[in-house]
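Here are a few exercises to work through with the model open in your viewer. Try each task before you read its solution.

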Amino acid sequence: MTDSHHIIRIDRVSKSFSGVPVLKDIDVTIRRGEILGIIGENGAGKSTLMKIISGIYQPTSGDVYVEGKKVVIPDAIAARSLGISLVPQEFNLVRDLPVYNNIFLGAELLKPNRLLDKTAMKARTRELLAELKVDIPPDAMIENLSAAEKQMVEIAKALAFKANVLIMDEPTTMLTLHEIDILFRLTRKLRDNGMTIIYISHKLKEVKDLCDRVLVLRDGAVVLDSPTGDISTVEMAQAMVGRELGTLFPAKTSPSDEVVFEVRGLTVPGVIEDISFALRRGEILGLAGLVGAGRTEVAETILGLRKKSAGQIFRDGREVAIREPRDANEAGISYLSEDRQGAGIITSFSVTNNTTLASLRSYSGRFLGRIDKKREAESVRRYIESFHIKTDNADKRLENLSGGNQQKVSLAKAVDTRPQVLIVDEPTRGVDVSAKLEIYSFLNRLARDGIACLVISSELEEVIGLCNRIIVMREGGIAGAVEGEAMNEEEIMFLATGVREEDVSNAS
């Protein structure tokens with residue numbers, strides 16, 4: 001095959017950080033007009049490779065060819081000029097600017113007199129968001145958007161400029177099945193119109209369904225390159241981890257009848273309405289629904305991040321007043337945010353400082369409040385071992401860890417407060433299949449130890465496989481609850497959309 005068929009060729013590219021190799025002599029050809037899936041465990045080198053192609057990193061050695069020509073890509077602007085656009089795994093948006101400003105940031109549309117053409121930028125933003133079938137006003141402020149809406153803005157931002165290559169790094173972690181379907185249709189349409197899509201995901205079924213070809217990285221090297229039609233998701237997972245995998249979900253716990261946490265009539269006007277549920281000791285309760293249904297808002301209201309107009313919160317039968325997250329921690333309630341870099345962790349801090357960020361007082365002695373560094377270090381070491389966090393040492397800054405390892409640190413931070421109630425929002429966002437197994441097993445162990453867990457997830461397979469019961473939300477309220485045999489994707493989607501089976505039958 002000649003270079004005329006290839007839009008990008010990676011020739012013996014290596015990348016090291018502080019002498020530690022992350023990519024090792026990578027050879028990859030990316031074909032014109034294909035959807036190429038790239039998978040691998042956290043730390044396998046997927047995002048590093050994409051950052052080299054998109055100009056964020058420079059290779060330690062090796063060459064990159066675009067359209068058959070050897071190129072040096074010093075930054076993202078140069079990548080864009082070569083027709084390469086990236087949808088990053090972590091949001092790269094300016095919180096206090098509106099949507100349209102973010103989409104055209106650094107490439108603003110101008111009037112003939114060189115003034116900003118806000119009307120044109122808003123109109124183009126409206127068109128891009130309409131393609132994604134999301135109703136976000138172009139002048140909405142980023143800080144007021146949900147994580148899923150921010151993800152859609154990132155995708156629109158990448159599509160705003162004529163790209164020949166679109167790199168999508170974990171684009172569906174915040175999206176519901178309906179939104180994923182819209183994104184997939186658009187992706188296939190772009191492919192059919194000649195665009196090349198590089199699709200990085202830990203959701204192997206998505207890769208199997210969407211991609212033409214799959215590339216598997218393990219420990220910084222390519223271990224498999226195959227048409228997706230010739231390989232199963234199980235074979236993909238085994239290539240990623242280098243071994244056979246057992247069942248994904250551990251055996252479910254049997255919670256006690258003791259109610260340890262309850263909310264009654266929780267209301268935030270225009271956001272959530274009359275939310276009531278109880279959580280038993282040792283129970284894993286799922287919270288499902290479409291994006292915008294109010295799931296994250298329920299968690300934020302419980303934590304005091306949103307001010308409620310009505311409602312009560314009870315711990316062990318006694319009402320507690322929660323005005324801020326510190327009050328929740330003192331009441332034995334901890335929270336893992338869906339937006340780990342926005343609200344969960346501080347990437348410029350070390351693994352240790354992030355892990356003990358919310359629990360630092362528990363490590364301070366009576367004398368002058370001095371931190372017991374030895375006890376803190378031992379605790380963090382146990383988390384690193386238990387979660388298999390890939391880091392050289394506990395003093396390493398989080399910005400140098402992969403997204404999945406950052407997620408593990410964020411979870412360690414949430415449980416280091418020793419909670420009796422743990423609320424986790426998208427706990428496996430951006431983590432690989434092996435890490436998912438570890439997180440599922442860990443949550444299961446917490447439940448067996450008597451901790452009550454509320455799991456918010458957009459992955460229906462996850463809440464069905466992990467939870468004892470599932471509450472389904474729709475338009476800010478509770479649409480219903482399912483357990484036992486009723487815990488299936490069809491029943492959950494009927495509740496989430498408000499469409500009953502008989503309605504579907506009548507319409508057909």
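**Exercise 1. In which strand is Leu-336 found?** Then work out its surroundings.

Some ground rules before the solution. This is a predicted model, where local features need pLDDT of at least 70 and side-chain atom pairs count only at pLDDT 80 or more, while totals for chains, interfaces and linings use all residues. Residues are numbered from 1 along each chain as its sequence is written, and side-chain values use heavy atoms, with hydrogens and water left out.

*Step 1.* Leu-336 is found in strand S16. Helices (H or I, at least four residues) and strands (E, at least two) are DSSP runs, numbered from the N terminus.

*Step 2.* Check the exposure: Leu-336 has a relative accessible area of 1%, so it is buried. Here buried means under 20% relative accessible area, exposed over 50%, and partly exposed in between, with a 1.4 Å probe and protein chains only.

*Step 3.* List the contacts (heavy atoms within 4.5 Å). Setting aside neighbours within four places in sequence, Leu-336 is in contact with Gln-407, Ser-410, Leu-411, Ala-414, Ile-423, Val-424, Asp-425 and Pro-427.

*Step 4.* For a sense of scale, take Leu-190: it is 146 residues away from Leu-336 along the chain, and their C-alpha atoms are separated by 35 Å.

**Exercise 2. What is the strand order of the open sheet of 6 strands?** Add the helix that packs on it.

*Step 1.* The order is S16-S17-S18-S13-S19-S20, and the pairing is mixed. Two strands pair if DSSP finds at least two bridges between them.

*Step 2.* Strand S16 (333–336) and strand S20 (477–483) are the edge strands, each pairing on one side only.

*Step 3.* Ignoring direction, neighbouring strands of this sheet are turned by 20 degrees against each other on average.

*Step 4.* Zoom in on one pair: S16 and strand S17 (residues 421–425) run in the parallel sense over 4 bridges, and Leu-336 sits opposite Val-424 in S17.

*Step 5.* Now the helix. H17 (residues 489–497) packs on the sheet and touches strand S13 (284–289), strand S19 (469–474) and S20, with its direction at about 30 degrees to that of S19. Axes are lines fitted to C-alpha atoms, for helices over the stretch in contact, and angles run from 0 to 180 degrees between N-to-C directions.

*Step 6.* In H17, Ile-492, Phe-494, Leu-495 and Ala-496 are buried. Gly-498 follows H17 and has a positive phi, near 80 degrees.

**Exercise 3. In what order do 4 strands form an open sheet with antiparallel pairing?**

*Step 1.* The order is S2-S1-S4-S5.

*Step 2.* Strand S2 (20–31) and strand S5 (69–71) each have a single partner strand, so one side of each is left without a neighbour in the sheet.

*Step 3.* From one strand to the next, the twist averages 25 degrees.

*Step 4.* Strand S1 (residues 6–17) and S2 run antiparallel, joined by 8 bridges. Ile-10 stands opposite Val-28 in S2, and Ser-16 stands opposite Pro-21.

*Step 5.* S1 and S2 make a hairpin with 2 residues between them, and Ser-18 in the turn has a positive phi of about 50 degrees.

*Step 6.* S1 is also joined to S4 by 5 bridges, again antiparallel, with Ile-8 opposite Val-66 in S4.

**Exercise 4. Why is H5 largely enclosed by the rest of the structure?**

*Step 1.* Get the geometry: H5 (residues 147–159) has 13 residues and reaches 19 Å from its first C-alpha to its last, close to the 18 Å expected at 1.5 Å a residue. The expected span is 1.5 Å times one less than the number of residues.

*Step 2.* Count the burial: 12 of the 13 residues of H5 are buried, so the helix is largely enclosed.

*Step 3.* Find the cover, which includes strand S6 (84–87), helix H3 (99–103), helix H4 (118–131), strand S7 (165–169) and helix H6 (177–192).

*Step 4.* Look at H4, where Leu-129 has its place. Not counting residues up to four places away in sequence, Leu-129 touches Val-99, Val-134, Ile-136, Met-152 and Ala-156. Met-152 and Ala-156 are among the buried residues of H5.

**Exercise 5. Over which residues is the pLDDT below 50?**

*Step 1.* The protein averages a pLDDT (the predictor's confidence in each residue, from 0 to 100) of 87, and 94% of the residues score at least 70.

*Step 2.* The stretch is residues 501–508, with 4 contacts in the model beyond near neighbours in sequence.

*Step 3.* Where pLDDT is low, the predicted coordinates should not be read in detail.
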